[in-house]
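I opened this entry to keep a record of what I looked up, beginning with ring contacts and ending with the chain as a whole.

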Amino acid sequence: MRPTRTPSLRKRISARVRLLRKMYLDRRRHRGARDYAFRWHRSEGPLHVISVRHRSNGFRADLHLRRDTTDLATFEQVFCNHDYNLRRLARWTDIVATYERLSREGSPLILDLGANVGLATVQFRSQWPKSFVVSVEPDDANFAILRRNVEPLGNTLPVHAAVAATDGFARIVDPAAAAWAKQTELTAESTGTRAVSVATLLEEARKRQPDCQPFLCKVDIEGFEANLFSANTEWVEQFPLIVIELHDWMLPGQGKARTFLRAVAEHDRDFVHLGENVFSIRNDRRLAP
């Protein structure tokens, strides 16, 4: 997600009008209004409340979004722009077949790494209703809203932590950054935020949902992907689909994408770049009915 400065009142009104148009009027193929019906409720104090209902399967959720933060912009990306709408991919039928096979065997496991306030988690649960989703977010304020958004859904595990190559501790680099732009770094201080590896997350997921099997991993961790993919990347090949936003555009000259590119290059996977995200899709016979 892109960092942002606090916009002027005029810009906030303009952004709100744009969002409303996308919610109710934009019925293009890969826009959210085709898949979702929205209802904007009267605000609850400092929170906006927007209900989303999936038109085809009846899934419904009430989303709580903070005023004067990037929460509405995140909502726009996930539910109106459909950043995680996988139907845009030529491999869509393969992905659906894999999901259906995993559903027959148990619960398709989705990791939402850098979950912010849980909007991608909600979208994944609506699109893949038999899935079990682990939502990982290190920021205290974001995590409080995330829990409020995802816990009523069931089949979710909110984890208050930063994801890293190894277990340990991390800290928020700039606590005053926009809600969708919180960056983390490792720290030796045990008073920091918990840092967990993907291997640990898989263990915790299977304790809660023993029959879950890796399906999709979404990564949006504001440059910390450089650490995540620096070691212990055996899990990469376990996930048929990885969706990641790389942040070299935001942190030029630091080569934050290098470890990810190295980790996926050794495997037989497609590499598709759409919008802000890269989609890495496994090519072997396991991605089949």
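**Entry 1, ring cluster.** I began with the aromatic side chains of this predicted model, and found that ring pairs link Tyr36, Phe38, Phe75 and Phe79 into a cluster. I then looked up the count of aromatic pairs, which comes to 12. One of the pairs that I followed further is formed by Tyr99 and Trp128, whose rings lie 4.8 Å apart centre to centre, with 55° between the planes, and which is classed as tilted. I noted that this pair links distant parts of the chain, since Tyr99 belongs to helix α4 (residues 92-105) while Trp128 sits in the loop between α5 (119-127) and β5 (132-137), 29 residues apart.

**Entry 2, cover on that pair.** Are the two partners buried or exposed? Tyr99 has a relative accessibility of 9% and therefore counts as buried, the cut-off for this class being under 20%. Trp128 has a relative accessible area of 2%, so Trp128 is buried as well.

**Entry 3, helix α5.** I went on to the helix that precedes the loop of Trp128, and asked how many of the residues of α5 are buried. The helix is mostly covered, with nine of its nine residues buried. The buried residues include charged and polar names in the list, among them Arg125, Gln123 and Gln127, together with Leu119, Val122 and Phe124.

**Entry 4, a surface patch.** Turning to the outside, I found that Leu20, Tyr24 and Leu25 make a nonpolar surface patch of about 290 Å². Leu20 is placed in helix α1 (residues 9-24), and at 33% relative accessibility Leu20 counts as partly exposed, because the value falls between the 20% and 50% limits.

**Entry 5, the whole chain.** I closed with the overall figures, starting from the nine helices and 14 strands of the protein chain. The radius of gyration is 18 Å, close to the 19 Å that the globule rule gives for 289 residues, so the chain is as compact as a globular protein of that length. Along the principal axes, the C-alpha atoms fill a box of roughly 50 × 45 × 35 Å. Buried residues make up 56% of the 289 residues, and the chain exposes about 13,200 Å², of which carbon and sulfur atoms supply 49%. Finally, I looked at the contacts with a separation of 6 or more, and noted that residues 24 or more positions apart account for 64% of them.

Conventions
Residues are numbered from 1 along each chain as its sequence is written. This is a predicted model: local features need pLDDT of at least 70, side-chain atom pairs count only at pLDDT 80 or more; totals for chains, interfaces and linings use all residues. Side-chain values use heavy atoms; hydrogens and water are left out. Rings of Phe, Tyr and Trp (its six-membered ring) pair if their centres lie within 6.5 Å; planes under 30 degrees apart count as stacked, over 60 as edge-to-face and the rest as tilted. Helices (H or I, at least four residues) and strands (E, at least two) are DSSP runs, numbered from the N terminus. Buried means under 20% relative accessible area, exposed over 50%, partly exposed in between (1.4 Å probe, protein chains only). Patches are made of residues with over 30% relative accessible area and no salt bridge: like charges are joined within 9 Å, nonpolar side chains (Val, Leu, Ile, Met, Phe, Trp, Tyr) within 5 Å. Accessible areas come from the Shrake-Rupley method with a 1.4 Å probe; for residues, only the protein chains shown count as cover. A salt bridge is a side-chain nitrogen of Lys or Arg within 4 Å of a carboxyl oxygen of Asp or Glu. The radius of gyration is taken over C-alpha atoms; the globule rule is 2.2 Å times the number of residues to the power 0.38. Contact means heavy atoms within 4.5 Å.
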